[in-house]
Amino acid sequence: MTDGRPVDRDPDERRRWLRWVLGVPLGITHVVNAATVYLILRYPPQADWDDQGYAGTAAMCLISIGLSVIGILITLIPPVRRTLGLWWFAPPLLLGVIAWVRIATLE
């Protein structure tokens, strides 16, 4: 006996769309974070006298760490974690560790 609503016959199809809806914003966050880490590593301060280079690198490291925290917090949401899987923790953790090491070794 139904109440007139169609019966959901394919939950995998709905889950597939949910992966896209949850994964695209998270993927965009990871791409922006990866670009930030690339810029941190590709364009270091030029010399000891480059105060603006050090300040810019430190700021970009903090932005990258912030993006990593945002990515981890989004992935910690139970529906996102169940739908996408645990491997989505790897990009923000890896990029955050790289940014942390870079800011720690910045002299």
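Colleague: Is Pro-44 buried, partly exposed or exposed?
Modeller: Keep in mind that this is a predicted model. Pro-44 sits in the loop between H1 and H2. Its relative accessible area is 41%, and anything from 20% up to 50% falls in the middle class. So Pro-44 counts as partly exposed.

Colleague: How far apart in space are Pro-44 and Arg-102, C-alpha to C-alpha?
Modeller: Along the sequence, 58 residues separate Pro-44 and Arg-102. In space, going from C-alpha to C-alpha, the gap between them is 9.8 Å.

Colleague: Let's zoom out. What pattern does the chain follow along the sequence?
Modeller: The chain has four helices and zero strands. Write α for each helix, and reading along the sequence gives α-α-α-α.

Colleague: What percentage of the residues in the chain are buried?
Modeller: A residue is called buried when its relative accessible area is under 20%. The chain has 107 residues, and the buried share of them is 30%.

Colleague: And what share of the chain's exposed area do carbon and sulfur atoms supply?
Modeller: The chain exposes about 7,700 Å². Of that area, the part supplied by carbon and sulfur atoms is 68%.

Colleague: Which residues form a nonpolar patch on the surface?
Modeller: Two members give a feel for it. Val-32 is in helix H1, which covers residues 11–42, and is partly exposed because its relative accessibility is 40%. Trp-20 is in helix H1 too, and with 57% it counts as exposed. Together the patch has about 540 Å² of accessible area, and its members are Trp-17, Trp-20, Val-24, Ile-28 and Val-32.

Colleague: How many residues apart in sequence are Trp-20 and Thr-83?
Modeller: In space, the C-alpha atoms of Trp-20 and Thr-83 are 9.9 Å apart. Counted along the sequence, the separation of this pair is 63 residues.

Colleague: Is Thr-36 buried or exposed?
Modeller: Thr-36 belongs to helix H1. Leaving out residues up to four places away in sequence, Thr-36 touches Met-60, Ile-63, Ser-64 and Leu-67. Its relative accessible area is 8%, so Thr-36 is buried.

Colleague: Which residue has its backbone oxygen 2.7 Å from a polar atom of the Thr-75 side chain?
Modeller: Thr-75 lies in helix H2, residues 51–76. Thr-75 counts as buried because its relative accessibility is 0%. The backbone oxygen at 2.7 Å from its side chain's polar atom comes from Gly-71.

Colleague: Which residues does Thr-75 touch, not counting those up to four places away in sequence?
Modeller: A touch here needs heavy atoms within 4.5 Å. With the sequence neighbours left out, the list for Thr-75 is Leu-26, Val-80, Arg-81, Trp-88 and Phe-89.

Colleague: Trp-88 just came up. What kind of aromatic pair do Trp-87 and Trp-88 form?
Modeller: By the ring-pair rule, the count is one aromatic pair. Trp-87 and Trp-88 form it, with 4.9 Å centre to centre and 45° between the planes. Planes under 30 degrees apart would be stacked and over 60 edge-to-face, so this pair is tilted.

Colleague: And which class, buried or exposed, does Trp-88 fall in?
Modeller: Start with its partner: Trp-87 is exposed, since its relative accessible area is 55%. For Trp-88 the value is 14%, so Trp-88 is buried.

Conventions. Residues are numbered from 1 along each chain as its sequence is written. This is a predicted model: local features need pLDDT of at least 70, side-chain atom pairs count only at pLDDT 80 or more; totals for chains, interfaces and linings use all residues. Side-chain values use heavy atoms; hydrogens and water are left out. Patches are made of residues with over 30% relative accessible area and no salt bridge: like charges are joined within 9 Å, nonpolar side chains (Val, Leu, Ile, Met, Phe, Trp, Tyr) within 5 Å. Accessible areas come from the Shrake-Rupley method with a 1.4 Å probe; for residues, only the protein chains shown count as cover. A salt bridge is a side-chain nitrogen of Lys or Arg within 4 Å of a carboxyl oxygen of Asp or Glu. Helices (H or I, at least four residues) and strands (E, at least two) are DSSP runs, numbered from the N terminus. Buried means under 20% relative accessible area, exposed over 50%, partly exposed in between (1.4 Å probe, protein chains only). Rings of Phe, Tyr and Trp (its six-membered ring) pair if their centres lie within 6.5 Å; planes under 30 degrees apart count as stacked, over 60 as edge-to-face and the rest as tilted. A polar contact is a pair of N or O atoms within 3.5 Å; within protein, one must be able to donate a hydrogen and the other to accept it, and residues adjacent in sequence count only if both atoms are side-chain atoms.
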